[in-house]
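Visitor: Please show me the chain and its model, and then take me through how the parts pack together, with the cut-offs behind each term.

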Amino acid sequence: MTMQTDANMIRAYQQARSLGAADAALVLLCIGETESVLVSSDAGASPGVRILPFGAGAIASPPFRHDPPTPFELENAIAVIEDELMPLAKTLPSPAALVVAGEPVRPLAQLIGGLESASSVTREAIENLFQELATISASGHAGSSGMPTARHFAGMLLILREFMHHLGFATANLAPALYPSDLATR
């Protein structure tokens, strides 16, 4: 990660604080194309920046190859994400507010009713969406729900689901516009 990227992530983190976590611990998860960036700190502390080796378009090797991803592709991706997230559980501030940013988050924010502004979503709602995706994946066709089934949406949803589930976040604020432009293709 470059110094410029670090500076942009810290700026995004400071903007995320304005979404309601001004005096609390905050975790900002920026989901990119091939990697994600995590910025976190307790209230008043300097934020730390970590790169996660997965993004909405590249979670596992091989990445998702189908729209929607097959059940095998989903299971493989879950294993990859879990392996990366479990060590984080001991290092992240808790309790903390979670803000999720990045262009891949935009379709989810639109799906739950938010557009460019922050939208709040519960872990239960994310789990329900994932179960719907898993059902679609198993059947091989989208059905009539209107939920996006493209592999990028599936990747983003899976990252968010695993993040919330394994790291104990009950809610997340979705803020797609916070993502620094220099990370959009990473």
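Visitor: Which residues does F163 touch, not counting residues up to four places away in sequence?
Guide: This is a predicted model, in which local features need pLDDT of at least 70 and side-chain atom pairs count only at pLDDT 80 or more, whereas totals for chains, interfaces and linings use all residues. Residues are numbered from 1 along each chain as its sequence is written, and side-chain values use heavy atoms, with hydrogens and water left out. Taking contact to mean heavy atoms within 4.5 Å, and setting aside residues up to four places away in sequence, F163 touches V27, L29, L38, L85, L92, L98, G168 and F169.

Visitor: Is F163 buried or exposed, and what is its relative accessible area?
Guide: A residue is called buried under 20% relative accessible area, exposed over 50% and partly exposed in between, with a 1.4 Å probe and protein chains only. On that scale F163 counts as buried, because its relative accessible area is 0%.

Visitor: What kind of pair do the rings of F163 and F169 form?
Guide: The structure holds one aromatic pair, where rings of Phe, Tyr and Trp (its six-membered ring) pair if their centres lie within 6.5 Å, and planes under 30 degrees apart count as stacked, over 60 as edge-to-face and the rest as tilted. F169 is itself buried, at a relative accessible area of 5%. Since the centres of the F163 and F169 rings are 5.8 Å apart and their planes stand at 10 degrees, the pair is stacked.

Visitor: Which element gives the largest share of the largest nonpolar core?
Guide: A nonpolar core is a set of buried Ala, Val, Leu, Ile, Met, Phe, Trp, Tyr and Cys residues joined through side-chain atoms within 4.5 Å, and the largest one here has 41 residues, with L29, L98, V100, L158 and F163 making the most contacts inside it. Elements are DSSP runs numbered from the N terminus, helices being H or I of at least four residues and strands E of at least two. At least two residues of this core come from each of β1, α2 (71-85), β4, α3 (106-111), α4 (123-139), α5 and β6. The largest share, 10 residues, comes from α5.

Visitor: How many residues does the other core have?
Guide: This second core lies apart from the largest one, and its members include A16, L26, V37 and V99. Its count of residues is 13.

Visitor: Which strands stand at the edges of the sheet?
Guide: The open sheet has six strands in the order β3-β2-β1-β4-β6-β5, with mixed pairing, where two strands pair if DSSP finds at least two bridges between them. Two of its strands have a single partner each, so one side of each is left without a neighbour in the sheet. Those edge strands are β3 (48-52) and β5 (119-122).

Visitor: What angle does the direction of α5 make with that of β1?
Guide: Axes are lines fitted to C-alpha atoms, for helices over the stretch in contact, and angles run from 0 to 180 degrees between N-to-C directions. From one strand to the next the twist of the sheet averages 25 degrees. Helix α5 (residues 151-167) packs on this sheet, touching β1 (26-31), β2, β4 (97-101), β5 and β6 (171-174), and its direction makes with that of β1 an angle of about 160 degrees.

Visitor: Which residue in β6 stands opposite V100?
Guide: β6 pairs with β4 in the parallel sense over two bridges and with β5 in the antiparallel sense over four. Its covered face holds A172 and L174, while T171 and N173 lie on the uncovered one. S120 stands opposite N173, whereas V100 stands opposite L174.

Visitor: Which residue in the turn between β2 and β3 has a positive phi?
Guide: Strand β2 (residues 36-41) pairs with β3 in the antiparallel sense over five bridges, with V37 opposite I51 and V39 bridged to V49. The two strands form a hairpin with six residues between them, and the positive phi, about 80 degrees, belongs to G44.

Visitor: How far apart are the C-alpha atoms of A25 and S40?
Guide: A25 sits in the loop between α1 (3-17) and β1, and it is buried because its relative accessible area is 9%. Although A25 and S40 are 15 residues apart along the chain, their C-alpha atoms are separated by 7.6 Å.
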